Amino acid sequence: MLAERKTAKVEPPRMFQVVLLNDDFTPMEFVVMVLQEFFQRDLESATQIMLKIHHEGRGVCGVYTKDVAATKVELVLTAARRSGHPLQCTMEAT
Ligand code: TYC
């Protein structure tokens with residue numbers, strides 16, 4: 001039992017990027033708020049990520065394990081729909 005456990009191989013978990021997509025309607029302030037609230041970014045970092053998405057079409061908000069990434073996507077989409085914004089958020093394996 002002990003010997004088996006000592007030789008057991010533990011792989012690091014697969015990681016997933018949470019990605020925000022640009023659109024023409026979601027207010028910049030809302031995206032900055034989302035990055036601060038759900039991705040623990042300070043105002044400066046949140047603003048930089050938002051502007052990168054605005055100019056380049058998409059941006060990575062953070063990298064997490066599968067369950068955490070999926071929860072973040074749901075939280076973002078729920079907040080956006082509740083506020084009437086079309087903001088899109090997805091996750092991608094790294
Ligand atoms: N393009 C939006 C605007 O001009 C701002 C925006 C930024 C929207 C990032 C979505 O993921 C986004 N109001």
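Q: In this predicted model, which residue has a polar backbone atom 2.7 Å from a nitrogen atom of the ligand?
A: The contact joins a nitrogen atom of the ligand to a polar backbone atom, at 2.7 Å. A polar contact is a pair of N or O atoms within 3.5 Å, so this pair qualifies. The residue that supplies the backbone atom is Asp23.

Q: How much of the accessible area that the ligand has on its own does the protein cover?
A: On its own, the ligand has 350 Å² of accessible area. The ligand sits in the largest pocket. The share of that area covered by the protein is 89%.

Q: Which element gives the largest share of the shell around the ligand?
A: Two elements, α2 (28-39) and α3 (43-56), give two or more residues to the shell. The residues around the ligand include Met28, Val31, Met50, Ile53 and His54. The largest share is 3 residues, and the element that gives it is α3.

Q: Which residue has a polar side-chain atom 2.8 Å from a nitrogen atom of the ligand?
A: Leu21 has a polar backbone atom 2.8 Å from an oxygen atom of the ligand. The contact asked about involves a side-chain atom and a nitrogen atom of the ligand. The residue is Asn22.

Q: Is Gln40 buried or exposed?
A: Gln40 is placed in the loop between α2 and α3. The C-alpha atom of Gln40 is 9.4 Å from that of Gly62, 22 residues apart along the chain. Because its relative accessibility is 58% and the cut-off is over 50%, Gln40 counts as exposed.

Definitions and conventions
Residues are numbered from 1 along each chain as its sequence is written. This is a predicted model: local features need pLDDT of at least 70, side-chain atom pairs count only at pLDDT 80 or more; totals for chains, interfaces and linings use all residues. Side-chain values use heavy atoms; hydrogens and water are left out. A residue is near a molecule or strand if one of its heavy atoms lies within 4 Å of it. A polar contact is a pair of N or O atoms within 3.5 Å; within protein, one must be able to donate a hydrogen and the other to accept it, and residues adjacent in sequence count only if both atoms are side-chain atoms. Accessible areas come from the Shrake-Rupley method with a 1.4 Å probe; for residues, only the protein chains shown count as cover. On a 1 Å grid over the protein atoms alone, a cavity is a set of points where a 1.4 Å probe fits but cannot get out, and a pocket is an open set with protein on both sides within 12 Å along at least five of seven lines; lining residues have an atom within 4 Å of a point. A molecule sits in a cavity or pocket if more than half of its atoms lie within 2 Å of its grid points. Helices (H or I, at least four residues) and strands (E, at least two) are DSSP runs, numbered from the N terminus. Buried means under 20% relative accessible area, exposed over 50%, partly exposed in between (1.4 Å probe, protein chains only).
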